[in-house]
Amino acid sequence: MSAASAIAVLERNWRGSYTVPAAGLYPHQWSWDSAFIAIGLRHVSARRAQQELESLFAAQWDDGRLPQIVFTRDNDGAYSPGPLFWRSERIPGHPPMSTAGLVQPPNHAWAVQLVHEADPAESARRGFLERVYPALLRWHDYLRTIRGGPNGLTFLVHPWETGMDNAPTWDAPLAALPEVDLGEIERPDLQHADQSERPSNAEYSRYLYLAAANRDEWDVSAAPFRVVDPLANALLARSEEALAAIAAEIGQSPEPHRAERARLTTALDALWDAELGCYVPWDDVAGRPLRARTVSGISPIVLAGLPRADELVATLRGPHFALGEAVLVPSYDLLASDFDPSLYWRGPSWFNMAWLVAEGLAVNGADDDARRLRADLAALAEPSGYAEYLDPWTAAPHGTRSFSWTAALALDALSR
Ligand code: 2M8
């Protein structure tokens, strides 16, 4: 792979202070995409990577929330639901720009740490860490308090918040919602991707119902969909580790962050499923675990020294994820009866998940696996046209092309 073609994708999707995930399908700024994108951009320009993150932090709500989407002005019809649906300007505590009211997984402090480390001199010159540390503190406080759920873990109120929108684990909590018939649903996404690769209309009507519920009523503790997801909590713990490093750099105490990282790591154990050999989400409305093997359940491997790391590596190498045989890391159990190799988060391999798993393998002593996975990630991105996701058996590209985090993380893998 040549770095030049990945950089060209990031150039094309750059909008002056942030990067859109894909020009057609996702024409605004997305929260966790920006953090992944910054991790790649730091190899192109540390300054630009800082800007990518800071433009997201500028859209922080008064309650500390970093929004799922920051809307590009005058672009309403391009993506649904857009700024007219969210009408954030009418909601108390809104930021100066128009945003969605939901959140996404908290990989931001981790990205800040990596961006800083790419060019500490430039970071110091701009006072980058000093400026963003307070925003990160408020973000984590929001997740700890307003989103504080069972076992002291953070909970999410919409499949969009999990980042893995139509993962099979969300089928049951979505099916338990009241019947909603919203009539004709706007689907601008289908102009850019085939219906067979996107969530169904039935799923979309539930997504919109839940989005409206969480827009107008801000008591998230009573939200009709409440899940505790391994991925969000693993990233929160990893980001606390990053906050410890950031705090130490700027003369603050790293101790509270170390303690929080340890607390979350222990708390995650409540989600462990010994029979499946991975973590599973908790449905806090039904009061039961959502038992299936997804890559979210593998993601706590990003925590160095995780007591379950060896068990996760064994699950990865086993038939359900086939590490080393399958393409990258499938998003869902290869042996599940409803595994689908081309449908979004119901089977395909995603580059961001491969990146996370490679990080985890590297910090938990599986260096050879990590090296191989990073090499595959870098090798597969360019020939796929920087696809959104790949068939885990054939590597056939699916979803949109020229997808920013694919280009950014391939660039990062290449530079390791
Ligand atoms: C996908 O989610 C958005 C909603 O947030 C969508 O389907 O329209 C997911 O893959 C999510 O993880 C990602 O952040 C977003 C933008 O790339 O697209």
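Two aromatic rings, from Phe, Tyr or the six-membered ring of Trp, form a pair here if their centres lie within 6.5 Å. Planes over 60 degrees apart make the pair edge-to-face. The model is predicted, and it holds 22 such aromatic pairs. One of them joins Trp272 and Tyr279. Their ring centres are 4.9 Å apart, and the planes meet at 75°, so the pair is edge-to-face. Trp272 and Tyr279 are both buried. Another edge-to-face pair is made by Trp350 and Phe403, with 6.5 Å from centre to centre and 75° between the planes. This pair links distant parts of the chain, as its two residues are 53 residues apart. Trp350 belongs to strand E8 (residues 349-350). Phe403 sits in the loop between strand E10 (397-398) and helix H16 (404-414). Both Trp350 and Phe403 are buried.

Rings also meet charges in this model. The charged end of Arg48 sits over the ring of Trp14, 4.5 Å from the ring centre. Arg65 does likewise with Trp61: Arg65 lies over the face of that ring, 4.1 Å from its centre.

Now step back to the whole chain. The protein has 16 helices and 10 strands. Its C-alpha trace spans about 55 × 50 × 45 Å along the principal axes. How does the radius of gyration fit a compact globule? For 416 residues, a compact globule would have a radius near 22 Å; the protein has 20 Å, which agrees. Of the 416 residues, 63% count as buried. The contacts reach along the chain as well. Among contacts with a separation of 6 or more, 70% are between residues 24 or more positions apart. The accessible surface comes to about 14500 Å². Carbon and sulfur atoms account for 51% of that surface.

Two small sheets come next. Strands of a sheet pair through backbone hydrogen bonds, either parallel or antiparallel. One open sheet has three strands in the order E3-E6-E7, and the pairing is antiparallel. Its edge strands are E3 (227-228) and E7 (288-289), each of which pairs on one side only. E3 is joined to E6 (residues 282-283) by two bridges. Within this pairing, Val228 stands opposite Trp282 of E6.

The other open sheet also has three strands, in the order E8-E9-E10, with antiparallel pairing. Why is one side of E8 and of E10 left without a neighbour in the sheet? E8 and E10 stand at the edges, and each has a single partner strand, so one side of each stays free of a sheet neighbour. Strand E9 (residues 389-390) runs antiparallel to E10, and two bridges join them. Tyr389 has His398 of E10 as its bridge partner. E8 is also the strand that holds Trp350, from the aromatic pair with Phe403.

Past Phe403, the chain enters helix H16 (404-414). This helix is mostly covered, with 10 of its 11 residues buried. The buried residues include Ser404, Trp405, Leu409, Leu411 and Asp412. What covers the buried residues of H16? The cover includes strand E8 and four helices: H1 (3-12), H2 (31-41), H14 (351-363) and H15 (367-381).

Two single residues round out the tour. Arg238 lies in helix H11 (residues 230-249). Is Arg238 buried or exposed? The cut-off for buried is under 20% relative accessible area. Arg238 has 10% relative accessibility, so Arg238 counts as buried. Leaving aside neighbours within four places in sequence, Arg238 is in contact with Trp110, Gln113, Val302 and Leu303.

Ala309 is found in helix H13 (residues 309-317). Ala309 has a relative accessible area of 3%, and therefore is buried too. Not counting residues up to four places away in sequence, Ala309 touches Ile301 and Asn364. Ala38 lies elsewhere: Ala309 and Ala38 are 271 residues apart in sequence. In space, their C-alpha atoms are 27 Å apart.

Notes: Residues numbered from 1 in each chain as written. Predicted model: local features only at pLDDT ≥ 70, side-chain atom pairs only at ≥ 80, totals over all residues. Heavy atoms only, no water. Phe/Tyr/Trp six-rings, centres within 6.5 Å; stacked < 30°, edge-to-face > 60°. Buried < 20%, exposed > 50% of the residue type's maximum accessible area, 1.4 Å probe, protein only. Lys NZ or Arg CZ within 6 Å of the ring centre and 35° of its normal. Contact = heavy atoms within 4.5 Å. Rg over C-alpha atoms; globule rule 2.2 N^0.38 Å. Areas by Shrake-Rupley, 256 points an atom, 1.4 Å probe, with all protein chains shown as cover. Pairing = 2+ DSSP bridges.
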